[in-house]
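Subject: Structure handover

Hi,

Here is the structure I promised you. Please open it and keep it on screen while you read my notes below.

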Amino acid sequence: MHRIRSVGRGAAAALALLGGLAAVGVLASPAQTQEVVVYSARHYGQEPAFEAFTRKTGIQIRMLNGGTGELFERLKAEGDRTPADVLLTVDAGNLWNAARSGLLQKMDSPELQANIPAHLRDPEMRWVGLTVRVRAIVYDTRRVKAAELSTYEALGDPKWKGRLCLRTSGYVYTQSLIATMIKRHGEARTAEIVRGWTANQPVIINSDTKILEAIAAGRCDVGLTNHYYLARLLAKDPAFPVAPFWANQATTGTHVNISGAGVTAHAKHRAQAIKLLEFLSSPEAQQMFADVSFEYPANPQAGVNPIVARWGRFTQDDANVAAAGEFQAAATRLADRVGYK
Ligand code: FE
């Protein structure tokens, strides 16, 4: 009881220091209330599942939102005084970095291991994926036929010269794709592939949504974006003239990344935190994530949003998503070397 009270005060102090960070869903914290404090760099889609968890267990969730970098710095600065029990963020590279920095602890949970496929979680169980995002080849349905597309590598074919839109190389989605290619193909082959893209003089755009809009506006014919940005645009305008193509189906499978979570190294409510993650990995909660955010559930038992379901099934690259972290620095160096801006 004393510990819970002191955590409440710690969190209140943390809130006072937050400055630019927004606090969402902060509840009064009576001493008897069981709670989990979540630091979240994931900004949408989890609320219905959090509310269902509280209804089911009586455990309250207090959440602090911030950017990944801000929350990392915060956790490091707070050390063992942190009120945070759970770190929730996007991209396996970020979770890998958090684990490597000692911010997360190993979770002993057969339930999590059963619910989340092995390639979508840390081999040492310091973080697990909760949702899956696909790096899709996206194309203009008026000017490109699906049969013209095949792999990420083939976007270096000269036929796409001046027709390709890519995200900047410095953005984590691009870094994770290149990092996974390094794991799959080695540095030399990956450098050749990325050199092929740059030789096609791609239009570099720093937003997935803007890439999709550029394709619709005729500025380019093909691009690479996360699938849920396209789903959002199609939810607003079913006639939006862009479709996804699942890359590398005959070879390595299409590149996927995750949003996910882990229990912090100094969690004060460790058991409740693991209980929360177990619930979030259940088909019931996974369906809620998928419905709201258009992401794919990490748990294959859960269904997908109808807009996404229309795109059919595909094979994921089953290389562990930890590659996004392991080869992130190598991916950045490689992009620089071949002149991918
Ligand atoms: Fe995103």
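Cavities first. A search of the whole structure, which is a predicted model, turns up five cavities of 30 Å³ or more. The largest cavity comes to about 70 Å³ in volume.

To find the largest cavity on your screen, select its lining:
- from the earlier part of the list, Y152, E153, L177, T180, M181, R184 and H185
- then N248, T252, G253, H255 and D317

By class, that lining has six polar, three nonpolar and three charged residues.

Next, the metal site. An iron ion has Y173, Y228 and Y229 as its protein donors. Each binds through its OH atom, and the donors lie 2.0 Å from the iron ion. Along the chain, the donors follow the spacing Y-x54-Y-Y. Y228 and Y229 are both buried.

Now the backbone. Two residues other than glycine have a positive phi, and both are worth a look.

D91 has phi near 80°. D91 sits in the loop between β4 (86-90) and α4 (92-100). The relative accessible area of D91 is 1%, so D91 is buried, as the cut-off is under 20%.

N248 has phi near 60°. The loop between β10 (242-245) and β11 (256-264) holds N248. N248 counts as buried because its relative accessibility is 2%. N248 also helps line the largest cavity.

Best wishes

Definitions and conventions
Residues numbered from 1 in each chain as written. Predicted model: local features only at pLDDT ≥ 70, side-chain atom pairs only at ≥ 80, totals over all residues. Heavy atoms only, no water. 1 Å grid on protein atoms, 1.4 Å probe; cavity = no way out; pocket = protein on both sides within 12 Å on 5 of 7 lines; lining within 4 Å. Points joined across faces, edges and corners; volume = space filled by probe spheres on them. Nonpolar A, V, L, I, M, F, W, Y, C, P; charged D, E, K, R; others polar. Donors = N, O, S within 2.8 Å, 3.2 Å for Na, K, Ca; no water. Buried < 20%, exposed > 50% of the residue type's maximum accessible area, 1.4 Å probe, protein only. Helix = DSSP H or I, 4+ residues; strand = E, 2+ residues; numbered from the N terminus.
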